[in-house]
Amino acid sequence: MPETEPWEYSLYIPHDPRAVTVCRRTLRLILTVHGLIRLVDVAELLATELVSNAVRHTKGPAALRVCWTGTGTLRIGAWDADPSPPEPPQPFTPALEREDGRGLALVRACADVWGWQPLTRDGNRGKYVWCELGAA
């Protein structure tokens with residue numbers, strides 16, 4: 001499939017921290033088979049942060065969605081069942097021993113653009129947090 005053809009994958013995951021690794025490895029495989037290996041490192045970081053937040057801060061299932069526009073943009077998103085907006089990205093702090101609180105700041109720093117939207121479908125509620133990377 002040429003890079004000019006759009007495609008989309010969705011991976012539904014249980015509420016389990018191991019799902020983050022499954023998502024990261026699946027994303028690497030998707031990008032590799034589509035000839036987008038140059039995006040793998042940054043895309044993995046972004047997907048890891050988005051999916052980690054979905055698993056860590058909610059109680060239900062989640063999903064990873066990966067879309068290629070065919071015009072050079074990769075969109076990575078994480079859905080979760082909590083309709084609450086994500087915490088705004090905080091500036092990096094010198095507290096290097098902390099292992100949390102930097103996810104969306106990393107997304108903001110590494111992605112071309114990011115955002116979120118509330119979702120309602122068939123009485124279910126949740127949110128979709130996404131970011132985009134240009135292939136250039």
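**View 1. Helices H1 and H2 cross with a right-handed turn in this predicted model.** Two packed helices are described by the angle between their axes and the distance between the axes. Here, H1 covers residues 18–33 and H2 covers residues 40–56, and they pack at an angle of about 150°. Their axes lie 9 Å apart. That angle makes H1 roughly antiparallel to H2, because anything over 145 degrees counts as roughly antiparallel.

**View 2. Side by side: the residues where H1 meets H2.** Look along H1 and you'll find Val20, Cys23, Arg24, Leu27, Arg28, Leu31 and Thr32 in the contact. Across from them, H2 brings in Val40, Asp41, Ala43, Glu44, Ala47, Thr48, Val51, Ser52 and Val55. Sort the residues of this contact by character and you get 9 nonpolar, 3 polar and 4 charged.

**View 3. Asp16 sits in the loop between strand E1 and helix H1.** Strand E1 spans 7–13, and Asp16 is found in the loop between that strand and H1. Despite being a loop residue, Asp16 counts as buried, since its relative accessibility is 18% and the cut-off for buried is under 20%. Pro61 is 45 residues away from Asp16 along the chain, yet the C-alpha atoms of the two are separated by 8.5 Å.

**View 4. Cysteines, but no disulfides.** A disulfide is a covalent bond between the sulfur atoms of two cysteines. A search of the whole structure turns up 0 of them. Take Cys131: the nearest cysteine sulfur belongs to Cys110 and is 9.2 Å away. Cys131 is buried, at 0% relative accessibility. Cys67 is buried too, with a relative accessible area of 11%.

Note on methods. Residues numbered from 1 in each chain as written. Predicted model: local features only at pLDDT ≥ 70, side-chain atom pairs only at ≥ 80, totals over all residues. Heavy atoms only, no water. Axes fitted to C-alpha atoms, helices over the stretch in contact; angles between N-to-C directions. Helix = DSSP H or I, 4+ residues; strand = E, 2+ residues; numbered from the N terminus. Parallel < 35°, antiparallel > 145°, perpendicular 65-115°, else oblique. Left-handed = near helix turned anticlockwise from the far one by under 90°. Contact = heavy atoms within 4.5 Å. Nonpolar A, V, L, I, M, F, W, Y, C, P; charged D, E, K, R; others polar. Buried < 20%, exposed > 50% of the residue type's maximum accessible area, 1.4 Å probe, protein only. Disulfide = S-S within 2.5 Å.
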